[in-house]
Amino acid sequence: MKAQAQTSSMKPNSMTASGMKAGTMARRIIHDDPSEGAAAIIKTAIIETPRVKNDNGKSEAKAERGQVVQSLCRALNILTILGASDGPMTLTELAEAATLSPSTTHRLLTTLQYERYVRFDQSARGWVIGVQAYMTGANFLKTRNLVDVARPRMRRLMEESSEIVNLAVEENGEALYLARVGGPRAAQVAVPQADRTLLHCSAVGKALLAGMTETKVQTIVTQRGMRQFTRSTLSSLPALYRDLSLVRTRGYALDQEERVSGMRCVAAPIFDENSRVMGALSLSGSSRRIEDERLRALGEMVKRAAAAVTQELGGRVPVPN
């Protein structure tokens, strides 16, 4: 995955030269140095913003709620309802779903239609999402950054599990690590710090493979082979297919000392807007710490974190068959 620099367009004279910030290019792999200690990492993970009282003695949060434009919230809610619909919706259906009167709903729809966020489909006699909504969403897809979105979830996952958390994507038939967050015991665990690893022998790799067709999996295995790293490494394509079937069923992948003896990993996939796997989160730790009785709990923990990243990226977790 190539790092993307984010840019923004500004109107003339909208910002002085001294107020502009230079864009920065993200490093390909980013480490939170375990030598800093868990306390330093945790300190940067969650920042609490104190509530400030206003002149009336009310909290700042309550004051901010008073600034919400009700009609805008209603219009955005209608967009959300239309976006989740499988087809055109009538005025009556939209009004009921939004718990608004038909007259209010119609006013909002005509305003959205004027700005091309919705349109009325004459043939279906119903309202649908307009081209401007698509263009706005497409711009989000261009500017989203997997590492930036995933990092807060990675730190939180590290705090919950006290294990090392990794973020990886598939590139040229391998798992490419984009970021790694070390837990409190990271310095005591000999986790390989490679930027890449083969897919068949790692939890992140199998989480990525589980989203591919059997043909694509076979192509990768043919090109990369199935190197035997330990006695537990999967060594045949049928065995890999069976393992990937389990990954799809339970929603997370396991590395049972298949890459490094004495190391276990648990990983879950991150999905894009088309429910395709775009990356994977994993936990890594020693077999002494990640015992059999912890595997299921850690698997569910990683799966929840990956689902949260998916949601924040605008992706969709596929519904199990």
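The expected span of a helix is 1.5 Å times one less than its number of residues. Helices (H or I, at least four residues) and strands (E, at least two) are DSSP runs, numbered from the N terminus.

This is a predicted model, in which local features need pLDDT of at least 70, side-chain atom pairs count only at pLDDT 80 or more, and totals for chains, interfaces and linings use all residues. Residues are numbered from 1 along each chain as its sequence is written, and side-chain values use heavy atoms, with hydrogens and water left out.

**View 1. Helix H11 and its length.** H11 covers 292–312. Its 21 residues should span 30 Å at 1.5 Å a residue, and the end C-alpha atoms lie 31 Å apart, which agrees. Gly 314 follows H11, with a positive phi near 85°.

**View 2. The buried residues of H11.** Buried means under 20% relative accessible area (1.4 Å probe, protein chains only). Among the buried residues of H11 are Leu 295, Leu 298, Met 301, Val 302 and Val 309. The buried residues of this helix pack against H7, strand E7 (253–256), E8 and E9.

**View 3. The largest nonpolar core.** A nonpolar core is a set of buried Ala, Val, Leu, Ile, Met, Phe, Trp, Tyr and Cys residues joined through side-chain atoms within 4.5 Å. This one has 31 residues; Leu 146, Met 154, Leu 167, Ile 270, Leu 281 and Val 309 touch the most other members. A second, separate core of 25 residues includes Leu 208 and Ala 267.

**View 4. Around Met 154.** Contact means heavy atoms within 4.5 Å. Leaving aside neighbours within four places in sequence, Met 154 contacts residues including Val 165, Leu 167, Val 181 and Leu 281.

Definitions and conventions:
Buried means under 20% relative accessible area, exposed over 50%, partly exposed in between (1.4 Å probe, protein chains only).
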